[in-house]
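Subject: The structure I promised you

Hi,

Here is the structure we talked about, so please open it up and keep it on screen while you read. My notes on what turned up in it follow below.

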Amino acid sequence: MSWSLARKVSAALIAILVCTMMVTALFGFFKFQDVMSELVRSRYSFVAFTIKQKVEDSLNLGFALRQLRQVQETIELEKARDEQVQGIEIFDAKGEILFNSDRGRIGASVPENWLLPLSAASLQPFAVLDEDSNVVGLPLVNNLGKVEGAVVLLYPTGYVERELGPMLWRLAGEIAGLVGVFSLLTVMVASVALGAVRQRLHVMEHALLLASGGEAPLADTAAVDEFDGHFGEFVAKTREAVEHIKASTDEVERLDRLA
Amino acid sequence: MKSNALTGLREGAMRLDSSRSLLIRLLMLAVLVLVPPMVIGSYRALDNFKRGLGPEMDLKAAAIARDLVAQLERAVGFGIPVDKLVGVDEFFAQVLSANPEIRYLGITDAKGDILFLRGALSEQLNDAYRGRSGRALDDSGLKANIADFVDLALPVHVRDVPVAQVHVGFDQDYVAAQLFGIFYDIAVVLVVSLIIAFEVLLFVVVFNVSGPMKLVAEVVAHARRGDFTRVPGITSADEVGHFVRIFNSAMRQVDGAYRGLMAYIDEVRSGHFDREVAGQVSEIADRVRFLFRFHPSGAPLVLREKLSSDVRLPLFLFIFAEELSRAFMPLYAQALPSPAGWLLTPELLIALPIAVFMAGIAVGSLWAGAVTERLGSRKVFQFGLAPAVLGCVMSGLAHGVIELSLWRGIAGLGYALVTVACQSYISKTTVDSNRATGLGSYVGAVLTAAICGTVAGGVLAERIGFGPTFFVSTALILVSGWLLSHLLAVVDHGAPVAAPVPSGRPLLRIFANWRFTVLVLFAAIPAKMALTGYFFFLVPLTLWNSDHSLAELARIMVLYPLVMLAVSSQSTRLADQMGWRIGQVALGGLIGGAGILSMLAFDGTLPLVIGIVCLGVSHGMSASPQLAAIPDICWIECNRHGRTQVLALLRTLERVGSVIGPLLAAAFLLHWGVKGAVIGLGAVVLAMAAIFAMVAGAYGSGPHLETEEDVP
């Protein structure tokens with residue numbers, strides 16, 4: 001495939017267009033994912049916070065965490081409210097699960113890294129990543145300031161992609177369509193924009209072909225720029241050279257025949 | 001038909017041997033192709049994202065409303081009337097501060113009268129609430145748009161009797177406001193794309209059209225006077241290549257006819273029995289040779305031209321790659337584990353990668369010029385790529401600051417080799433008349449790459465992290481290397497010249513020239529100290545400590561190359577017109593130092609913006625005049641050792657300032673904190689600039705010859 005000027009320019013611009021749109025789309029997606037994840041995390045943090053409040057109210061009445069049987073119902077109710085919630089569990093400071101929306105997990109231990117935020121000086125909400133789940137949690141503190149354990153809520157990673165996948169794919173399709181349309185436009189407009197170059201080269205080629213055949217006009221003194229002026233003179237000089245050499249050859253031939 | 005052949009040239013006014021008119025057309029095309037899809041795409045994305053986030057906002061509002069309802073029902077269940085509840089306002093304040101996306105919280109009675117409201121004005125909501133009083137709400141509540149808010153109302157029941165409603169509201173434009181930050185990033189991507197498009201199109205036009213046509217114009221200029229000794233050596237397969245083939249076939253036709261004639265004449269001269277005929281054909285040969293010139297080698301000489309613009313795009317990509325880490329290098333060093341000790345304080349360790357990189361450049365610059373003279377630009381460029389790539393990729397993989405510093409030093413070495421190779425190439429492909437244009441092309445590529453690299457690096461690092469940004473840099477350096485190897489292989493490079501290596505000792509006598517020494521110590525070195533110590537090191541740290549994101553940091557830092565680009569072109573013209581070069585250098589130094597010291601007068605980001613802008617003005621004003629003043633200041637030395645050697649010495653010496661800058665700033669940082677370090681460094685730079693300004697009056701004007709008397 002020969003690479004015409006229009007093709008070269010189109011290829012360069014289309015490559016830049018594709019890269020630009022890809023980078024923009026990726027940045028847009030990352031930003032959207034950030035905002036969406038933050039919103040989802042904050043919602044589930046709030047749900048965990050409401051459970052924490054209920055549990056701490058009971059703790060403040062002097063009950064031990066292990067004794068708060070009504071908490072099991074609360075977390076099961078919250079889990080039932082949102083099908084995206086994978087689980088809610090409450091564990092003590094040693095990591096033993098005391099209450100879990102999946103009752104089969106009661107008595108098991110939570111991963112070690114879930115306990116790390118509980119030993120931190122500032123008892124802030126925490127978020128950890130656990131295989132296929134995002135975990136948001138809040139420490140449970142009694143009115144004496146002792147950390148009794150934590151409440152954590154698990155929701156799936158890839159929530160954004162799963163919930164909004166079709167929308168994102170549709171958007172990706174729209175962007176791909178835009179790239180396609182503007183690529184086509186690039187090819188057409190590049191061809192038009194370079195038309196003047198092609199035309200000028202064609203005219204010059206034509207002048208050269210005529211000059212080679214001894215038909216070219218003499219230099220056009222009204223040329224638009226220095227190059228045109230020089231080219232006109234060049235064509236004329238080429239024609240003159242061709243004619244002169246031809247005439248000289250004829251003369252040599254004539255002299256050669258003089259015997 | 002034939003009469004129209006040349007007049008047709010006038011139809012399009014576009015010059016083919018100049019890139020300007022064609023480039024303008026293609027740039028318009030680039031804008032047309034890049035801007036509308038970005039705008040349409042961004043608009044569609046925002047619309048989709050808003051729709052995507054809407055349900056999540058509803059869920060969040062519902063979760064909060066449900067909790068409020070539960071608490072209210074509990075309180076009212078204890079027999080407390082809703083309007084007598086205490087502490088509701090404080091409770092609402094807590095919830096609102098913990099959930100910034102929620103704009104207001106409210107409670108209305110069964111008639112729709114507002115009992116409690118926080119975050120909005122009653123007047124904004126009263127009418128809407130009263131208007132729908134009496135409407136029964138189920139447990140899922142009612143969502144409605146009121147003024148600029150989205151309101152979710154949930155009923156509060158006591159023994160199945162609705163007694164109140166809880167209202168949770170958020171801004172309709174909250175999602176758009178959250179996503180708006182991305183538009184800065186999109187604007188950055190668009191601007192960078194347009195600049196890259198400009199560089200690529202400039203390359204396409206120069207390499208494929210105006211460059212070859214300039215060669216054709218050169219051949220035409222000779223051939224129109226009858227000189228058919230050369231033909232342009234263009235082999236491309238495009239329209240220009242096609243034209244050149246026809247052009248060359250016309251040239252070769254003339255050349256062939258001439259050679260045929262001469263062969264015939266030789267044959268007649270040597271073979272004809274009649275000496276008179278032999279004499280006559282000799283006269284014909286002389287006449288043809290008098291009228292036309294052909295190459296004596298038997299064929300026209302094939303011309304291949306090297307253009308200074310050949311290296312512009314690869315150089316742009318290379319500098320772009322290196323500048324990607326500009327905005328975050330100290331932050332990256334800060335984030336890596338560091339073996340701090342009594343000598344290597346944490347502050348010093350953060351500054352170390354920048355200082356070592358600069359030291360690498362200084363060391364590389366010392367011998368890069370001589371190596372380029374011996375091996376040629378292409379080999380040195382390729383040779384320089386190895387440390388540049390290695391340094392870059394390993395910087396991204398570094399596990400500690402010391403390791404990072406080592407790799408930055410190696411990258412600096414590569415940087416020096418590559419940039420010197422490019423400068424040397426430009427220098428060799430230009431003559432005195434177009435050298436300024438060639439070097440202007442170099443400076444243009446460097447500054448536009450600095451703009452793109454700085455701003456894109458910040459955005460990129462924020463999205464993908466520090467390490468992966470170095471890998472993007474590596475990929476760009478490799479593309480740059482591939483391009484340059486390919487481009488420099490296309491042009492005939494000629495045999496490398498074994499240049500004599502200048503002896504260092506005699507050149508060192510230049511320090512006896514007080515004008516040169518003062519210029520180096522009090523103008524060149526402080527300028528670089530300000531650049532690396534303040535701009536490269538302290539500015540990113542200060543902005544980062546002020547809670548600016550990486551992208552914001554980069555957008556502020558890009559002011560420096562932007563201002564410098566704007567000022568330098570004007571200042572060069574001013575320096576040439578007024579001949580006030582030393583004055584400009586002095587004034588530039590004072591502006592830079594004073595700008596940094598604006599930290600004394602203002603708080604927050606403003607003094608940094610002032611400092612960066614002033615530094616851009618300072619360096620834009622003084623960089624070119626500083627170099628332009630050297631031939632006058634060092635007239636004797638330039639004549640003795642060559643201007644290039646003296647300029648190279650100046651560039652090497654000023655890099656001492658580049659190395660000292662971050663280390664000095666780190667020392668100040670250790671003792672006085674970030675603000676104190678900025679003020680301390682600004683004071684040092686201003687004091688040195690003031691000394692130079694005081695001495696500047698004694699420089700005089702024109703070439704200084706008095707040092708000649710001192711030289712034995």
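The lining of the largest cavity has 11 nonpolar residues, seven polar ones and no charged ones. Keep in mind that this is a predicted model, so everything here is computed from it. The space inside that cavity comes to about 130 Å³. It has 18 lining residues, and the ones closest to its centre are Ala523(B), Ala527(B), Gly589(B), Ser618(B) and Ala689(B). If you want to find the walls, look at chain B: α16 (514-545), α19 (581-596), α20 (606-633) and α22 (643-696) each give at least two residues to the lining of the largest cavity.

How many cavities of 30 Å³ or more are there? The count is five. The second largest has a volume of about 110 Å³. You can pick out its lining by hand: Glu322(B), Ser325(B), Arg326(B), Met329(B), Pro353(B), Ile354(B), Phe357(B), Arg408(B) and Phe536(B). Helix α10 (residues 346-375) of chain B brings the largest share of that lining, three residues. Here charged residues do appear: the lining of the second largest cavity splits into five nonpolar, one polar and three charged.

Now for a pocket. The second largest pocket has a volume of about 1,100 Å³. Of its 34 lining residues, Ile16(A), Cys19(A), Ile196(B), Leu317(B) and Leu476(B) are the closest to the centre. Both chains take part: α1 of chain A, along with α5 (174-223), α8 (312-323), α13 (432-464) and α14 (466-490) of chain B, each supply at least two residues of this pocket's lining. What kinds of residues line the second largest pocket? They are 31 nonpolar and three polar, with no charged residue.

Next, have a look at where the two chains meet. On chain A, 93 residues are in contact with 105 residues of chain B. In case the next number looks odd, the size of an interface is often given as the accessible area lost when the parts come together. Chain A and chain B bury about 9,000 Å² between them, and 75% of that is on carbon and sulfur atoms.

There are charged and polar links across the interface too. Seven salt bridges run between chain A and chain B. One of them pairs Asp34(A) with Arg463(B), whose closest N and O atoms are 3.9 Å apart. Polar contacts between the two chains, with both residues at pLDDT 80 or more, number 16 residue pairs. On the side of chain A that touches chain B, α1 (5-60), α4 (159-193), α5 (195-212) and α6 (226-257) of chain A each supply at least two residues. The largest share of that side comes from α1(A), with 28 residues. Sorted by class, the side of chain A that touches chain B has 54 nonpolar, 18 polar and 21 charged residues.

Last stop: the salt bridges of the whole structure. Over all chains, the search finds 33 of them. One to zoom in on links Asp82(A) and Arg43(A), with the closest N and O atoms 2.8 Å apart. Asp82(A) sits in the loop between α2 (70-81) and β1 (87-92) of chain A, while Arg43(A) is in helix α1 of chain A, so this pair ties together parts that are 39 residues apart in sequence.

Have fun clicking around!

Note on methods:
Residues numbered from 1 in each chain as written. Chains lettered and ligands numbered in written order. Predicted model: local features only at pLDDT ≥ 70, side-chain atom pairs only at ≥ 80, totals over all residues. Heavy atoms only, no water. Contact = heavy atoms within 4.5 Å. Buried area = accessible area lost by both parts, 1.4 Å probe. Salt bridge = Lys/Arg side-chain N within 4 Å of Asp/Glu carboxyl O. Polar contact = N/O pair within 3.5 Å; in protein donor to acceptor, adjacent residues only side chain to side chain. Helix = DSSP H or I, 4+ residues; strand = E, 2+ residues; numbered from the N terminus. Nonpolar A, V, L, I, M, F, W, Y, C, P; charged D, E, K, R; others polar. 1 Å grid on protein atoms, 1.4 Å probe; cavity = no way out; pocket = protein on both sides within 12 Å on 5 of 7 lines; lining within 4 Å. Points joined across faces, edges and corners; volume = space filled by probe spheres on them.
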